[in-house]
Amino acid sequence: MKIAMIGTGYVGLVTGTCFAETGNDVICVDVNAEKINKLKDGHIPIYEPGLADMVKSNVKKGNLSFTTNIEEALQKVNICFIAVGTPMGEDGSADLQYVLSAARDIGRYMTQDTYVVDKSTVPVGTGEKVRQVIAEELAKRNSKLQFDIISNPEFLKEGNACADFMTPDRVIIGSEQPDSIETMKELYEPFIRSREVFIIMDVKSAELAKYAANAMLATKISFINEIANISERVGADVNKVRRGIGSDSRIGYSFINPGCGYGGSCFPKDVQALIKTSSEYGYEAELLQSVEKVNYAQKHILAQKVQNIFGSNLAGKTFAIWGLAFKPGTDDMRAAPSIELIKTLVGNGASIKAYDPKAMKIAQQYYLKDFDNIIYSKNKYDALYEADALILVTEWKEFQSPDFMEIKGRLKGNYIIDGRNQYKEKILEKFGLAYIQMGVK
Ligand code: NAD
Ligand code: UDX
């Protein structure tokens, strides 16, 4: 099939590349010329395991190409995906300007009958808006071309995006048109282990299913974080409580890891957007409001733990931070808990020595560019020199079993404050290190 992918970010680039991998002819288009030029030069603008090799091999085979020219991208295309961003608007709702602009371009430039597939996460009713915009543009051209809108939300996780896309738990196809459904099934066939993986529904239910999935996962995280906060106060250990509840197959172990709050480009904005959609329809989503409230507080807990030890004025103190990305396996720093932490520490006079395997460049260029008091270290141990404490924010594999002797030798102080509960307290005690975790008294 000939596919155009509008939006070449985390989702568009992964989706386009995986469809190219199964023999489709894919052209990825983006308004960001810097991104497209990098891709044309063989550089991948994001870090995602396995992606670079797959992009290169498919470009070489001629299955994958990149452009900033939407008119060129839509030539002879029969499936056009919309995978542009839907960031949080000022009022908490999803900002649809990029989706609607992509829809306008489709209406202006499509050259044959087209399946328009919405992969961006969009509020219920957006499919209909996209349909109207395309129809308006076609009418301006007096065009009789036909199109259908299909909702096909994406469930990949960053850091595991290619693998998630290649072996999906489910492929939701929001459409009531038999030919649209069949075309989507044909496209996804190489990725599915059985036909039950396809879940067919109407467009609105598909749009809501995406938000519901993210809201459910965010709820699990805020729930365990609340239990962690209760554990600390009553003298229990949330790591043990987690084992106790996760062993119940109705609850399960996944997404109940306590931590310093959820970040990333999806959960924070999608929970807010669902709250906003609900209120537009006259329903107050109280549970989801609490999920967000708990998460907001949780993102400040690491800084509070630091200030409980070192006092509120941190002038003259230096902290080593391991992990800046919002999770391991990615260079993405959108809504990362490290940002809130560093803001508070630096705001109270501290200096920071940071290390992250992949996110330091992006941190320096965008997310932490306004902070002077940060030194970026070339490896994890360098960050420790003369630091009063080590603070762990992201559970990268290389942090999971470090040389504690080396840590003790380099740190000025003896505290390890861990936002991801990665170590055993007893082991650290042997090295004379004091271990502060989330949810443990
Ligand atoms: P992103 O910001 O990484 O990429 C979006 C891209 O779209 C950008 O490169 C931007 O320049 C481009 N763009 C914007 N307007 C355009 C236009 N009119 N024409 C062409 N290109 C345009 O965003 P992302 O993380 O890939 O997310 C895309 C969508 O997928 C969002 O709705 C998001 O909620 C959803 N989603 C994201 C993830 C994830 O893990 N990142 C997972 C599932 C779903
Ligand atoms: C999420 C969804 O998992 C994915 O299905 C959707 O398509 C996009 O949003 P992503 O944001 O890439 O994926 O990462 P995820 O692994 O879900 O983690 C999100 C945040 O939750 C991270 O900050 C992570 O540290 C945090 N988290 C996750 C926890 O604090 N505890 C957990 O148990 C799991």
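Reader: Which polar backbone atom is 2.8 Å from an oxygen atom of ligand 1?

Author: That atom belongs to Val11. Please keep in mind that this is a predicted model. To read a polar contact, one looks for a pair of N or O atoms within 3.5 Å. In the case of Val11, the partner on the ligand 1 side is an oxygen atom, at 2.8 Å.

Reader: Which side chains have polar atoms paired with ligand 1 in this way?

Author: Two cases may be given, Glu158 and Lys269. An N or O atom in the side chain of Glu158 is 2.8 Å from a nitrogen atom of ligand 1. For Lys269, a polar side-chain atom lies 2.6 Å from an oxygen atom of ligand 1. As for cover, ligand 1 has 840 Å² of accessible area on its own, and the protein covers 90% of that area.

Reader: How many residues surround ligand 1, and which are the closest?

Author: A shell is read by listing the residues with a heavy atom within 4 Å of the ligand. For ligand 1 there are 26 such residues, and the closest are Asp30, Lys35, Thr86, Glu158 and Lys269. By class, 10 of the shell residues are nonpolar, nine are polar and seven are charged.

Reader: Why does ligand 1 lie between two domains?

Author: One asks which domains give residues to the shell. Both domain 1 (2-201) and domain 2 (211-297) do so here, and therefore ligand 1 lies between them.

Reader: Which residues are the closest to ligand 2?

Author: The closest are Phe155, Leu156, Glu158, Asn257 and Lys327, from a shell of 19 residues. This shell divides into 10 nonpolar, three polar and six charged residues. Its largest share, four residues, comes from helix 9 (residues 203-234).

Reader: Which residues place a backbone N or O atom beside an oxygen atom of ligand 2, and at what distances?

Author: The same reading of atom pairs applies. For Asn257 the distance is 2.9 Å, and for Phe326 it is 3.0 Å. In addition, a polar backbone atom of Phe155 is 2.8 Å from an oxygen atom of ligand 2. Of the 660 Å² of accessible area that ligand 2 has on its own, the protein covers 92%.

Reader: What does the domain assignment give for the protein chain?

Author: The assignment gives domain 1 (2-201), domain 2 (211-297) and domain 3 (299-436). To describe a pair of domains, one may begin with their centres and then turn to their contact. The centres of domain 2 and domain 3, taken over C-alpha atoms, are separated by 24 Å. Their contact takes 16 residues from domain 2 and 14 residues from domain 3.

Reader: How much area do domain 2 and domain 3 bury between them?

Author: They bury about 1,200 Å², and 51% of it is on carbon and sulfur atoms. Of the area that domain 2 buries against domain 3, Cys260, Gly264 and Ala297 supply 40%, more than any other three residues.

Terms used: Residues numbered from 1 in each chain as written. Chains lettered and ligands numbered in written order. Predicted model: local features only at pLDDT ≥ 70, side-chain atom pairs only at ≥ 80, totals over all residues. Heavy atoms only, no water. Polar contact = N/O pair within 3.5 Å; in protein donor to acceptor, adjacent residues only side chain to side chain. Areas by Shrake-Rupley, 256 points an atom, 1.4 Å probe, with all protein chains shown as cover. Helix = DSSP H or I, 4+ residues; strand = E, 2+ residues; numbered from the N terminus. Nonpolar A, V, L, I, M, F, W, Y, C, P; charged D, E, K, R; others polar. Domains from an automatic or database assignment. Contact = heavy atoms within 4.5 Å. Buried area = accessible area lost by both parts, 1.4 Å probe.
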